[in-house]
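Me: I would like to go through this structure with you, a few residues at a time. May we begin with a serine and then move on to other topics?

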Amino acid sequence: MYPILTVGSVAFDSIKTPCGEASRVVGGAATYFSVAASFFTDVRMVAVVGDDFTEEQMRVFSGRRIDLTGLQRVSGETFRWKGEYSVDCNSRETIYTHLNVFDQFRPVLPESYRSTPFVFLANIHPALQLEVLDQVRAPRFVAADTMNYWIEGTPDELGQVIGRVDALVINDTEARELSGESNLVKAARAIQRMGPALLVIKRGEHGVLVTRDRGFFAAPAMPLEKVSDPTGAGDTFAGGFMGFLASAAEITDTVITRAIIAGSALASFSVEDFGLDRLLRLTPDELRDRFAEFKRLTHFDAL
Ligand code: AMP
């Protein structure tokens, strides 16, 4: 089992979905990622919060395998994001993104983080992702996530990140936007040519499409009667996926497929309630049961 280093946003989110609204709840890509990955391994977080982020809010991290030595607290306001979802929850509009303390943030990795073998560059300015990558020594496996905000706003720096990672975890719309290809298979091949051999394309309620070298593996999302809030599902998926990979002795095709199901199982819980609420209540037994449900959902006997 290897530890994982992650850099990304820790945020106050305001969310509106067909099921309700939540205002100024703790979120952020690194938060969802770390809580999810900590079900499988030790996580070392690099991020920044403002002085409006209280001890009470810090409690989302406590009692978990999350090292906060690299979480800086500075004066100013924490990153804020607001999103509103469509009636079917399949698309969302960003109402605002306020980088706040992330604007001036310069990550300095504590010495204890620098040799971390697994690295996940969660969603944040690609320049920060690069700064973190420059400070780690010979990592075994590096993966990254990003979103349209950075694809459109900082394409050059993002291109440098993508050129240096082993895996990219990205949603289908963003894969099309990044590659300029509308066909998802062509988009995948084009992105692989930019650097990452392993590409994980998140397709919301349609599950995940994975390719390593040339073959594809697909996993469905768990059919759920009620999706309360999809926020953070992608980061939760990435946390389960990377956490599972890092907990394995080596990365084989079988381990990758299991890691995809681990990520999908965690994400299926995350959407059941607003913000981090469902993940924070999740028990290892519930996770194990859902993993088994996924097996039933996807298994068939070949002729
Ligand atoms: P997801 O639903 O997986 O795309 O992740 C949503 C999370 O990403 C929310 O908790 C937001 O705080 C965070 N987020 C939204 N926009 C950005 C951005 N431009 N950079 C970093 N994090 C973001």
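Me: Where is S179 placed?
Reply: S179 belongs to helix 6, which covers residues 172-179. Please keep in mind that this is a predicted model.

Me: Is S179 buried or exposed?
Reply: S179 is buried: its relative accessible area is 18%, and the cut-off for buried is under 20%.

Me: Which backbone oxygen lies 2.8 Å from a polar atom of its side chain, that of S179?
Reply: That oxygen belongs to A175.

Me: And what does S179 touch, apart from residues up to four places away in sequence?
Reply: With those set aside, S179 touches A187, A190, I191 and M194. Helix 7 spans residues 184-194, and A187, A190 and I191 are among its buried residues.

Me: Which other residues of helix 7 are buried?
Reply: L184, A188, R189 and Q192 are also buried there.

Me: What do the buried residues of helix 7 pack against?
Reply: They pack against helix 6 and against four strands: strand 10 (167-171), strand 11 (198-202), strand 12 (208-212) and strand 13 (215-219).

Me: How about the ends of that helix? Which residue caps the N-terminal end of helix 7?
Reply: N183 is the cap, with a side-chain oxygen 2.8 Å from the backbone nitrogen of V185. Just after helix 7, G195 adopts a positive phi of about 160°.

Me: Changing topic to the ligand. How many residues surround the ligand, and which are the closest?
Reply: The ligand is surrounded by 19 residues, and the closest are S9, D13, G28, G232 and D235. By class, this shell holds 9 nonpolar, 7 polar and 3 charged residues.

Me: Which polar side-chain atom lies 2.7 Å from an oxygen atom of the ligand?
Reply: That atom belongs to D235. R92 also places a polar side-chain atom 2.8 Å from an oxygen atom of the ligand. For G232, a backbone N or O atom lies 2.8 Å from an oxygen atom of the ligand.

Me: How much of the ligand's accessible area does the protein cover?
Reply: On its own the ligand has 510 Å² of accessible area, and the protein covers 94% of this.

Me: Which elements give two or more residues to the shell around the ligand?
Reply: They are strand 2 (11-17), strand 6 (79-85), helix 4 (148-153) and helix 8 (233-247). Helix 8 gives the most, with 3 residues.

Me: Helix 4 is worth a closer look. Is W150 of that helix buried or exposed?
Reply: W150, which is found in helix 4, is buried, with a relative accessible area of 5%. Apart from residues up to four places away in sequence, W150 touches L99, N123, I124, H125, P126, P155 and L158. W150 and I124 are 26 residues apart along the chain, and their C-alpha atoms are separated by 7.9 Å.

Me: What does the side chain of N123 do with the side chain of W150?
Reply: The two side chains make a polar contact at 3.0 Å. N123 sits in the loop between strand 8 and helix 3 (126-135) and counts as buried, at 12% relative accessibility.

Me: What else is N123 in contact with, leaving aside neighbours within four places in sequence?
Reply: Besides W150, N123 is in contact with G8, S9, A29, Q129, D145, T146 and M147. S9 is also one of the closest residues to the ligand.

Me: Now the cysteines. How many disulfides does the count come to?
Reply: The count comes to 0 disulfides. C19 is in no disulfide, and its nearest cysteine sulfur is that of C89.

Me: Why is there no bond for the sulfur of C89?
Reply: Because the closest cysteine sulfur, in C19, is 6.1 Å away, the sulfur of C89 is too far for a bond; the cut-off is within 2.5 Å. C89 is buried, with a relative accessible area of 14%, whereas C19 is partly exposed at 39%.

Me: One last residue. Where does S112 lie?
Reply: S112 lies in the loop between strand 7 (92-98) and strand 8 (118-121). S112 counts as partly exposed, at 47% relative accessibility. From S112 to T69 the C-alpha distance is 8.8 Å, with their positions 43 residues apart in sequence.

Technical notes. Residues are numbered from 1 along each chain as its sequence is written. This is a predicted model: local features need pLDDT of at least 70, side-chain atom pairs count only at pLDDT 80 or more; totals for chains, interfaces and linings use all residues. Side-chain values use heavy atoms; hydrogens and water are left out. A residue is near a molecule or strand if one of its heavy atoms lies within 4 Å of it. A polar contact is a pair of N or O atoms within 3.5 Å; within protein, one must be able to donate a hydrogen and the other to accept it, and residues adjacent in sequence count only if both atoms are side-chain atoms. Accessible areas come from the Shrake-Rupley method with a 1.4 Å probe; for residues, only the protein chains shown count as cover. Ala, Val, Leu, Ile, Met, Phe, Trp, Tyr, Cys and Pro count as nonpolar, Asp, Glu, Lys and Arg as charged, and the others, Gly among them, as polar. Buried means under 20% relative accessible area, exposed over 50%, partly exposed in between (1.4 Å probe, protein chains only). Contact means heavy atoms within 4.5 Å.
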